[in-house]
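User: I am new to reading structures and would like to know how terms get attached to them. Please take me through one example.

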Amino acid sequence: MHLKNDDSFDFRSVMFMLGSVVLFAANTLMIRGVALHTPAADGWVAILFRGCVGLLVVVAIFGGGRGFKPRRLFSGRLITIRGVVGALSTIAFYITIMKLGAARAVILNLTYPIFASVIAAIWLKEVLSRAAMVWMFIGFCGLVVFLSDDGQLLSPSPYDMLAIAGAIGSGWVVVIIRRLRHEEHPSTIYASQAFYGLIIAAPAAAKLPELPPAAWGMLAAGAVIVTAAQLIMTRA
């Protein structure tokens with residue numbers, strides 16, 4: 001007998017998650033495009049814009065008692081870990097976009113669900129089905145082949161390893177979000193990443209005068225898109 005609970009398959013949540021993937025992809029292409037035309041617009045600058053714009057969007061939509069609780073950014077241990085790890089993982093992703101190209105960086109980053117499943121099984125004691133374990137094994141095998149170089153297995157570059165580290169961090173963040181879902185509003189959960197990312201990337205503000213107006217506009221637009229993607233993913 002199958003017992004339904006809040007973890008049961010939910011079509012709407014799947015659609016939210018797919019929608020977030022599309023938005024994340026759009027943001028990635030925008031960041032890559034800006035970086036190709038404006039070298040000063042590196043991953044650190046992108047994180048700076050993401051943090052500033054993300055916080056502004058959260059305050060505008062969810063501030064004033066509509067869900068966002070700024071005090072929680074400093075008082076919750078898990079919310080702090082979510083923010084710091086999420087910010088570092090995103091920085092790793094943006095750096096690898098610049099160094100590896102959008103395609104390779106995205107493929108490596110999208111291994112995060114595999115790591116999230118493993119972490120959830122260990123930390124949250126979630127039960128993995130046999131089918132899930134088979135697909136995870138296939139995914140790991142595919143990752144090994146993808147990282148091979150001319151048939152020589154396991155010869156990844158340092159930036160490949162940075163991308164994998166970022167994917168592991170992203171997987172951990174997804175599990176933390178799942179753990180926080182009954183305690184925090186999605187806006188507060190996302191704001192933690194925006195806030196701590198802003199702090200970590202603050203030194204990149206020195207590069208802002210080098211950016212042309214078009215780069216400012218594209219980075220700001222990309223930050224709005226990725227904020228929407230993150231909020232939708234958190235809800236999913």
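**Helix 2 and the cavities**

Analyst: This is a predicted model. At the start of helix 2, a side-chain oxygen of Asp 42 comes to within 3.3 Å of the backbone nitrogen of Trp 44.

User: What makes the pair of Asp 42 and Trp 44 a polar contact?

Analyst: A polar contact needs N or O atoms within 3.5 Å. The oxygen of Asp 42 is within 3.3 Å of the nitrogen of Trp 44, so the pair meets that cut-off.

User: How do you know that helix 2 has close to its expected span?

Analyst: Helix 2 covers residues 43-62, and its 20 residues reach 27 Å from first C-alpha to last. The expected value at 1.5 Å a residue is 28 Å, so the two are close.

User: Why is helix 2 called largely enclosed?

Analyst: Buried means under 20% relative accessible area. In helix 2, 14 of the 20 residues are buried, so the rest of the structure largely encloses this helix.

User: What makes up the lining of the largest cavity, by class?

Analyst: This cavity has a volume of about 50 Å³. Its lining has 4 nonpolar, 4 polar and 1 charged residues. Among the lining residues are Ile 47, Arg 50 and Tyr 190. Arg counts as charged, so Arg 50 belongs to that class. Helix 9 gives the largest share of the lining, 4 residues.

User: Which helices each supply at least two residues to the lining of the second largest cavity?

Analyst: They are helix 1, helix 2 and helix 10. The lining includes Asn 27, Phe 49 and Leu 219.

Key. Residues numbered from 1 in each chain as written. Predicted model: local features only at pLDDT ≥ 70, side-chain atom pairs only at ≥ 80, totals over all residues. Heavy atoms only, no water. Buried < 20%, exposed > 50% of the residue type's maximum accessible area, 1.4 Å probe, protein only. Polar contact = N/O pair within 3.5 Å; in protein donor to acceptor, adjacent residues only side chain to side chain. 1 Å grid on protein atoms, 1.4 Å probe; cavity = no way out; pocket = protein on both sides within 12 Å on 5 of 7 lines; lining within 4 Å. Points joined across faces, edges and corners; volume = space filled by probe spheres on them.
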